[in-house]
Amino acid sequence: MPQTRTSGDLGFRIGTGLFGFVVIAIVGMIAFELTRQSLPTIQKFGLNFWRTQTWDPIAGQFGALPFIWGTLYSSILALAIAAPIALGIAVFIAELCPARIQRPLVFLTELLAAIPSIVYGLWGVFVLVPAVRALETSMPEVLRRLPIFSGPARGVGMLSAALILAIMVVPFTSSVAREVLKSVPNTQREGAYALGATRLEAIRAALFYARTGILGAVMLGFGRALGETMAVTMVIGNDPNVTASLFAPQYTMAAVLANEFSEAADPLHLSALVEIGLVLFTITLIVNLLSRLLIWSMARSARGPAVATATQAAAA
Amino acid sequence: MKSKLLVTTGCVVALVAGTAAQQRALINGAGATFPNPIYSKWFDEYHKMHPDVAINYQSVGSGAGIRQITSQTVFFGATDGPMTSEQLLAAPGKIFHFPTVLGAVVPVYNIPNVRAELKFSGPLLADIFLGKVTKWNDPAIAKLNAGATLPATDITVVHRSDGSGTTYIWVDYLAKVSPEWKNKVGVGQSPNWPAGIGGKGNEGVSGLVTQTPGAIGYVELIYALQNKISYGPVQNMAGEFVKATVESVTAAAAEAVAKMPPDFRVSITNAPGKSAYPISSFTWLLLYENPKDKAQSKVMVDFMKWALGDGQKLAAGLGYAPLPDGVVKLELAQLAKVKVS
């Protein structure tokens, strides 16, 4: 189909194309600047930066393993708690709930996403941490001997951080999962009903069809949990530790950056912090990229079979 | 429509020009959070006396303050830990340290059902923060507090998670009273803490201590007073148990007057003297000897003269101790060396 292009159209295309390019350029510049500023520690420590556990700015020893451990542990645990809840919300809103309460319910879940991180942190310090401390102290002795529940019950620690992250991740994951479920063509559900499926089995069929998109939604939540700073630093205890114990205070990459960056005067200390920022940036970029790709592939394949049959009919 | 736009633009321009014309001098500074309350009060009072001068201070931390004055993005800096020789060499010009007030760092604690005031000694505090003393009914604590009934609760050490001048003062003291601390951890703004949980800022530490039963932490005196957290006396070099007050902090500085180095970079923790509080410190304002903007320099020198004189009267109300007269005299002599033209 030929398109008549006026100069106005061309200008518009160039203008908006430029805006799109600017965004890519900014990401590229961030990556470049982070690498440039972290060169001193990259040259001094190399790969040992990722393997050593000692973080000692006074002695000039920098090992980032506790932060990577803390970030991954808290995010994965948060996801393990949040994913079933978020999926449950998505399935309920998309499939089961009456139309009348659908919109208020959606509104309320999205409201959780609008609360600023530091407000979560304050709520965590005053409400969640005492509750978690009470839970930890009331745990029976036989469970306390397991390594995952070992250590004094302080309240602040990995468990509080994972819980608060889970609460923050639920709205994102549930809203994307809900959209993905809505994009499942009705023919899937109708086909299931036609074959004699119950309501639950039809929902399972829809979930199976939407599995890549739901995985994308979960990974999007993971990306959010990785970068959370203020809420986590207020409840995690800020002690660099590599331990499986849920009660022990630990440290994440975002938290150490928020805490130490403004006072770091020593160039090596600054460079070590920037290198942690670089790692966080890379991990978050990869996770978000993968999740977007998964969601797009899901949306494409929803239209895919229809296009295939149409081209087949046209060729015949 | 067009005329409305013109009128609005005209009003905005007039407003901006008006405010710009009013401020003959706008001076920017940044640095320590430790003296932030008294500096805010000072800059506010000074502005009331000189309405055409506005001094803007951002409490971003001592390290950031040192970085910013070295790169000359601010006119003056503020720090709780004096600049090291390497940092001074890295600056493009000579920087003077001016002590402004004295502050104290106190050990705060929260033990359920214990209302009595607990006494601490330097070595005991070091052992607690090293993680060697883990329960409140440990014999080391009981020895100093014969009358108190101490429960078998775990001690939760609370320290700063962010780099801090308050931390610097605390670990400087611990290193002087405990050789083990000096070797194992050292002195700096972001030490590798052997034990405990971290809170962000003095507020974070106060919050964690008040919320966690069995916690012990360290905060500036004003935070303990305003949040009504229990804090105990600390044994000084002369063997006396002294609680942090304006008088005991000033006493700690008085001894230092005699041995004050010419650049004022001195630590007064663990000061000699019967009534000295051992965890006291100066806090310094940093100025270039020969700054580029001489007009701003003139204003700052005038401000410093006021701060070292009448300004000291405001210190006690905010929990800081005023400088001893001997120190003020020496500082005014150094102030005279700052170029104003």
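Let me start with one pair: Arg36(A) and Glu33(A) sit three residues apart in helix H1 of chain A, residues 7–37, which is about one turn of the helix. The two side chains form a salt bridge, with the closest N and O atoms 2.6 Å apart. Before going on, I should say that this is a predicted model.

Why can two residues with that spacing meet at all? An α-helix has 3.6 residues a turn, so residues three or four places apart point the same way. As for the surroundings, Arg36(A) is partly exposed, with a relative accessible area of 45%. Glu33(A) is also partly exposed, at 30%.

Chain B has a pair of a similar kind. Lys48(B) forms a salt bridge with Asp44(B), and here the closest N and O atoms are 3.8 Å apart. The cut-off for a salt bridge is 4 Å, so the pair at 3.8 Å is counted. Lys48(B) and Asp44(B) are four residues apart in helix H2 of chain B, residues 36–49, again about one helical turn. Lys48(B) is exposed, with a relative accessible area of 56%, while Asp44(B) is partly exposed, at 41%. This pair also belongs to a network of salt bridges that links Lys41(B), Asp44(B), Glu45(B) and Lys48(B).

Now a pair in another setting. Are Arg160(B) and Asp162(B) buried or exposed? Both are buried. Their side chains meet in a salt bridge, 3.0 Å from N to O. Over all chains, the search of the whole structure finds 17 salt bridges.

How many of these run between chain A and chain B? The count there is zero. What the rule does find across that interface is six residue pairs in polar contact, with both residues of each pair at pLDDT 80 or more.

Staying with the interface: on the chain A side, at least two residues each come from strand S1 (55–56), helix H6 (117–137), helix H13 (253–260) and helix H14 (267–315). The largest share, four residues, comes from H6(A). By type, the residues of chain A that touch chain B divide into 16 nonpolar, six polar and six charged.

In terms of extent, 28 residues of chain A are in contact with 34 residues of chain B. The two chains bury about 2200 Å² between them, and 48% of that is on carbon and sulfur atoms. Which three residues supply the most of what chain A buries against chain B? They are Ile58(A), Arg154(A) and Glu263(A), which supply 30% of that area.

Arg154(A) comes up again from the other side. Thr212(B) lies in the loop between helix H9 (201–211) and strand S7 (215–220) of chain B. Leaving out residues up to four places away in sequence, Thr212(B) touches Arg133(A) and Arg154(A) in chain A, and Asn110(B) and Thr156(B) in chain B. With a relative accessibility of 3%, Thr212(B) counts as buried.

Next, the cores. The largest nonpolar core has 131 residues, and the members that touch the most others are Phe76(B), Ile128(B), Trp170(B), Phe282(B) and Phe303(B). Taking Phe303(B) as the example, and setting aside neighbours within four places in sequence, its contacts are Trp42(B), Phe43(B), Tyr46(B) and Ile55(B). There is also a second, separate core of 20 residues, including Ala64(A), Tyr251(A), Leu270(A) and Leu280(A).

Ile128(B), from that list for the largest core, brings us to helix H5 of chain B. Why is this helix, residues 122–130, described as largely enclosed by the rest of the structure? Because seven of its nine residues are buried. The buried residues are Gly122(B), Leu124(B), Leu125(B), Ala126(B), Ile128(B), Phe129(B) and Leu130(B). After H5(B) comes Gly131(B), with a positive phi near 90°.

Last, chain A as a whole. Its secondary structure comes to 14 helices and two strands. The C-alpha trace spans about 75 × 60 × 35 Å along its principal axes. Of the 316 residues in chain A, 42% are buried. Among contacts in chain A with a separation of 6 or more, 74% are between residues 24 or more positions apart.

Methods:
Residues numbered from 1 in each chain as written. Chains lettered and ligands numbered in written order. Predicted model: local features only at pLDDT ≥ 70, side-chain atom pairs only at ≥ 80, totals over all residues. Heavy atoms only, no water. Contact = heavy atoms within 4.5 Å. Buried area = accessible area lost by both parts, 1.4 Å probe. Polar contact = N/O pair within 3.5 Å; in protein donor to acceptor, adjacent residues only side chain to side chain. Nonpolar A, V, L, I, M, F, W, Y, C, P; charged D, E, K, R; others polar. Core = buried A, V, L, I, M, F, W, Y, C linked by side-chain atoms within 4.5 Å. Buried < 20%, exposed > 50% of the residue type's maximum accessible area, 1.4 Å probe, protein only.
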